[in-house]
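With the model open in your viewer, please follow the stops below in order, selecting each named residue or element as it comes up.

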Amino acid sequence: MSEHAAAHDEAHGEHGDHDIHPEPTSFLRKYVFSTDHKVIAKQFIWLGLIFMFIGGSMAMMIRWQLANPGEPFPILGKQIFSNSGGIVSPAAYTSLFTMHGTIMIFYAITPIMIGGFGNFCIPLMIGARDMVFPKLNAFSFWMMFVSTIILVISFFVPMGAAGAGWTTYPTLSTTMGTPGVGQTLWVVAIYCAGASTLMGAVNYITTVIVLRAPGMGYFQMPLTVWGLWLTAILNALFIPVLAAGMILLFLDRVVGTHFFLAGTMVKGGGDPILYQHLFWIFGHPEVYILILPGWGVVSDLLSFFSRKPAYGYKVTALAMSAVCVLSAVVYGHHMFTTGLSPLLGQGFMVLTMIISVPAEIFFLNWLHTLWKGKIRLTVPMLFALGLVFVFGLGGLTGLYLATISTDLYLHDTYFVVGHFHLTMAAAVFLGSFASIYFWFPKMFGRMTNPLLGKLHFWFSFIPINLIFCGMLYVGFGGMQRRLYDPSVYATFKHLLPVNQFISTSAYVLGFGSIFFSINFFYSMFYGAKAPQNPWEVTTLEWTNTTSPPPHHNYDVIPTVLRGAHEFGNPEFMKATGKDWLGQAEELPAAGAKAADKETAE
Amino acid sequence: MAAAITPPMTALQGYSRRKDTGPYVGMVIFLSAFGMCFAALFFSYSVVRTGAMSWPPAGTEPLPLGLPALNTLVLALSSWTFHRAYVAARRGQPVVAWLGVTFCLGALFMALQLVVWVSVYRSGLHPSSGIYGSVFYALTVFHALHVVSALVTILYLLPGALVGRYGAANHTAVRLSAMFWHFVDVIWVAMFLSVYVF
């Protein structure tokens, strides 16, 4: 044993073992008010999946109205839309698309990808025993829970839930446009959700900075952690801007201030466009907040299941960072049609186009990772490949919206809806399920059923493309978003069959989620017991701890020796007889030197 | 064992060094986030102000200047006393007196601020009477809420300070609270200059 091993022991003797907190034994402390990041992660995922179901059901109702305008919604229509005899009324339709967007973004994607996998993956993948602030972590979840309660209450107040769209532009969102209490509750709920996200973000950033295991520099972190870390940084900086907007909107609605009410020139007045500035300063980073965890997970999964090192690992990490920096300075492209100065507009256009450069870089890195790999088409890999496809497609449609001349035509049409659904709904949807299928064995200690998983994939991937490409088509035909019944306009009448096709595809997508539900619940209780490392991958949570991990994650904090993507190195294949090498795995003495030389090259 | 795969000693030392910096790093990130929130509020203020023909709008009385100026001095003094408390904690000296003085200065700030609000409200400037009132009340009240939470952190520290819990080896709580206090003071200076003076 060398001085390394001695230092290893010393480090853990001093700083390791006394950190292990005793595992709580009472049911409440263990499963409900837990401060264990793994339990909080599961709580977030449960919350996210429930709201994904609610938000998804709302999407079905929206699609029903667009395909069968004025017909009663089948099965539960009479109960849900009792005032209008089962027909989705215009007011209900407005609330539906508002709440669909709100729920999917703030209450489904955010809890699953950021709250859930952020919590689960960050400490495990960097070799920590828990988050750096476990109580803040629990507080973050319960703040989100309070927020969801407020949101659910808003459905049952007079005049119903919020109806000003998920972007909530004034003057529609002031008391003049939406007088109901539901809109005010929406503002409060979003503020609380933001507070929850901010607490999580502070925790994630700090945890990555201070609790990385010995030897794990920033460029030994798995790309999943990179994605989640960059997400947290964007969250910490831009959620407060949304909070400021929500505070001002709340004051306008409740106290009667004039921030978003245009006034006379002499008396001075507020500015409805001010809200759009505040919203999109937050909102553009937000779209990257939603997809960055997915990018990170996919960058890792492509390497894991191609049995190849991630191509250009460092460049991918830096390109994702560059996207984060650029995302802060492009928000004006959401406002080309608001009377923005043409000079500013051109600046925003150019900056927006520049984002495609780092995005292309890591996209090509993904393809290079796949190239000549020994691809294993497991369920998580299928979902990861699906993300690569829909994100590429959605990213390309973004170019038409970034260009002012085409945006003037496409603005506020279904082309926009198709574009952002492909990039931040379809891609995040597939990324979420890639993560769920991949980490399920580590979370619950049981394997999922691959057949049901593959059925779920094909029932998701094919319809999701048909739906959103169909939306691009009707959008290019000029159909505006948020129309209650486009078929009453002569111009859009011929698009009704396309809308019906989109809706049918949407029902198939909804049907596909049944495979997931069966798989999820069945595997949780009756799935085959998962081995420690079923996917044969290299990161710490698979190589150095059991499935599921104990309360304190690691009996001994591992010392990291190399990056996260050591696959197919012929020298250590000779030394160990397998095609992968864990991040903290010591090579047998013979051959170690040669293998490391290979690694260094 | 091959020397090439031995992590350099600095990695292990670095690990044990950075493990304990969590609270400070977290506080810096929290303050950056609060800073962004205030920046967004100041940005909103600048947008409505540049859009107005005159500021304050015609027919609106200008805000009082004397009490807010005094308040600025009070907060500056309190920042100094809080810093003294932190230095005392690091040296292992009693902190309770410095914390007590800081708390009183903070409370004095809130009292004077209340006087300002009441007098402005009586002069007829209400939050709902126009954009000038909206900006004044929204910004100052939002800041005051942060002062109140900073006062609460002192209340949290005081019992420990009384029994002499804070010393050279245990001054993290005092330091974090001081960081927040200085942050709130800096925001106030920006607010005093942009809302009251110019």
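**First stop: a threonine at the chain boundary**

Begin by selecting A:Thr206, which counts as buried because 26 other C-beta atoms lie within 10 Å of its own. Bear in mind while you look that this is a predicted model. A:Thr206 sits in helix H7 of chain A, the run of residues 181-210. If you leave aside residues up to four places away in sequence, A:Thr206 touches A:Val132 in its own chain, and also B:Gly22, B:Val25, B:Gly26 and B:Ile29. Now add A:Met131 to the selection: A:Thr206 and A:Met131 are 75 residues apart in sequence, yet their C-alpha atoms are 8.6 Å apart in space.

**Second stop: helix H2 of chain B**

Next select residues 22-51 of chain B, which form helix H2 with its 30 residues. From first C-alpha to last, H2 of chain B reaches 43 Å, which is close to the 44 Å expected at 1.5 Å a residue. Which residues of this helix are buried? Among them are B:Gly26 and B:Ile29, two of the residues that touch A:Thr206, and further along the list come B:Phe30, B:Met36, B:Cys37, B:Phe38, B:Tyr45 and B:Val48. To see what covers the buried residues of H2(B), show H7, helix H8 (223-254) and helix H9 (272-306) of chain A, and then, from chain B itself, helix H5 (131-162) and helix H6 (172-197), since the cover includes elements from both chains.

**Third stop: chain A as a whole**

Zoom out and colour chain A by secondary structure, where you will find 19 helices and zero strands. The radius of gyration of chain A is 25 Å, close to the 25 Å that the globule rule gives for 601 residues, so chain A is as compact as a globular protein of that length. Along its principal axes, the C-alpha trace of chain A spans about 80 × 55 × 45 Å. Buried residues account for 56% of the 601 residues in chain A, and among the contacts in this chain with a separation of 6 or more, 80% are between residues 24 or more positions apart.

**Fourth stop: backbone details in the loops**

Most residues other than glycine have a negative phi, and most peptide bonds are trans. With that in mind, go to the loop between helix H6 (134-153) and H7 of chain A, where A:Thr171 lies; the peptide bond from A:Pro170 to A:Thr171 is cis, with omega near 0°. A cis peptide bond also joins A:Ser547 and A:Pro548, with omega about -10°, and A:Pro548 belongs to the loop between helix H17 (540-543) and helix H18 (570-576) of chain A.

Stay in the loop between H17 and H18 of chain A and select A:Asn553, which has a positive phi of about 65° although it is not a glycine. Is A:Asn553 buried or exposed? A:Asn553 is buried, because 22 other C-beta atoms lie within 10 Å. Then move to A:Arg482, in the loop between helix H15 (450-476) and helix H16 (496-526) of chain A. A:Arg482 has a positive phi of about 65° as well, but it counts as partly exposed because it has 13 C-beta neighbours inside 10 Å.

**Last stop: confidence**

Finally, colour chain A by pLDDT, which averages 91, with 94% of the residues scoring at least 70. Over residues 1-18 of chain A, however, pLDDT stays under 50, and the model has 22 contacts beyond four places in sequence for this stretch. Where pLDDT is low, the predicted coordinates should not be read in detail.

Definitions and conventions. Residues numbered from 1 in each chain as written. Chains lettered and ligands numbered in written order. Predicted model: local features only at pLDDT ≥ 70, side-chain atom pairs only at ≥ 80, totals over all residues. pLDDT = per-residue confidence, 0-100. Contact = placed C-beta atoms within 7 Å. Helix = DSSP H or I, 4+ residues; strand = E, 2+ residues; numbered from the N terminus. Buried ≥ 20, exposed ≤ 12 C-beta atoms within 10 Å, placed from the backbone. Expected span 1.5 Å × (residues − 1). Rg over C-alpha atoms; globule rule 2.2 N^0.38 Å.
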